[in-house]
Amino acid sequence: MKYSKTPYSSSKAAQKRRKCPKCGKYYLDYPALSRKDNKTKICPECGIREALNAFINNQL
Ligand SMILES: [Zn+2]
């Protein structure tokens, strides 16, 4: 038996709902790119948090 790597492929509710790998929350908004590797899609909240952290780190 094949084991797919995508466990939840519910075709019925094909909403643009994404899960943030950072905080684990689901979000509907446009994703933000993580500043750590520039390819991980995170929720806008975490995107703002990362941007703020980067800003604060630059200030120190
Ligand atoms: Zn998040």
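Student: Leaving out residues up to four places away in sequence, which residues does arginine 18 touch?

Tutor: Keep in mind that this is a predicted model. Arginine 18 sits in strand 1, residues 18–19. Not counting residues up to four places away in sequence, its contacts are Tyr26, Tyr27, Pro31 and Lys41.

Student: How far apart are the C-alpha atoms of arginine 18 and lysine 41?

Tutor: Lysine 41 is among the residues that arginine 18 touches. Along the chain the two are 23 residues apart. Their C-alpha atoms are separated by 8.8 Å.

Student: And is arginine 18 buried, exposed or partly exposed?

Tutor: Count the neighbours: 16 other C-beta atoms lie within 10 Å of arginine 18. Buried takes 20 or more and exposed takes 12 or fewer. With its 16, arginine 18 is therefore partly exposed.

Student: In what order do the elements of the protein chain run from the N terminus on?

Tutor: There is 1 helix and there are 4 strands to place. The helix spans residues 44–59, while strand 1 covers 18–19. Reading from the N terminus, the order is β-β-β-β-α.

Student: Where is proline 31, and which residues does it touch beyond four places in sequence?

Tutor: Proline 31 is in the loop between strand 2 (26–27) and strand 3. It's partly exposed, because 16 other C-beta atoms fall within 10 Å. Setting aside residues up to four places away in sequence, proline 31 touches Arg18, Lys41, Ile42 and Cys43.

Student: How far is proline 31 from lysine 19, C-alpha to C-alpha?

Tutor: In sequence, proline 31 and lysine 19 are 12 residues apart. Lysine 19 belongs to the 18–19 stretch of strand 1. In space, C-alpha to C-alpha, the pair is 9.6 Å apart.

Student: Is cysteine 43 buried or exposed?

Tutor: Cysteine 43 is in the loop between strand 4 and helix 1. Beyond four places in sequence, its contacts are Cys20, Cys23, Lys25, Tyr27, Pro31 and Ala32. It has 23 other C-beta atoms within 10 Å, and the cut-off is 20 or more, so cysteine 43 is buried.

Student: Which residues make up the largest nonpolar core?

Tutor: In soluble globular proteins, nonpolar side chains tend to be buried together. Here, buried residues come to 10% of the 60 residues in the protein chain. The largest nonpolar core has 5 residues, and they are Cys20, Ala32, Ile42, Cys43 and Cys46.

Student: What separates the C-alpha atoms of glutamate 45 and alanine 32?

Tutor: Glutamate 45 is in helix 1, and alanine 32 is one of the core residues. Glutamate 45 itself is partly exposed, because its count is 15 other C-beta atoms within 10 Å. The two residues are 13 apart along the chain, and their C-alpha atoms are separated by 8.5 Å.

Student: What is the phi of asparagine 38?

Tutor: Most residues other than glycine have a negative phi. Asparagine 38 lies in the loop between strand 3 (32–33) and strand 4 (41–42), and it counts as exposed because it has 7 C-beta neighbours inside 10 Å. Although it is not a glycine, asparagine 38 has a positive phi of about 65°.

Student: Of the contacts with a separation of 6 or more, what share comes from residues 24 or more positions apart?

Tutor: The protein chain has 60 residues. Among its contacts with a separation of 6 or more, residues 24 or more positions apart account for 5%.

Terms used
Residues numbered from 1 in each chain as written. Predicted model: local features only at pLDDT ≥ 70, side-chain atom pairs only at ≥ 80, totals over all residues. Helix = DSSP H or I, 4+ residues; strand = E, 2+ residues; numbered from the N terminus. Contact = placed C-beta atoms within 7 Å. Core = buried A, V, L, I, M, F, W, Y, C linked by C-beta atoms within 7 Å.
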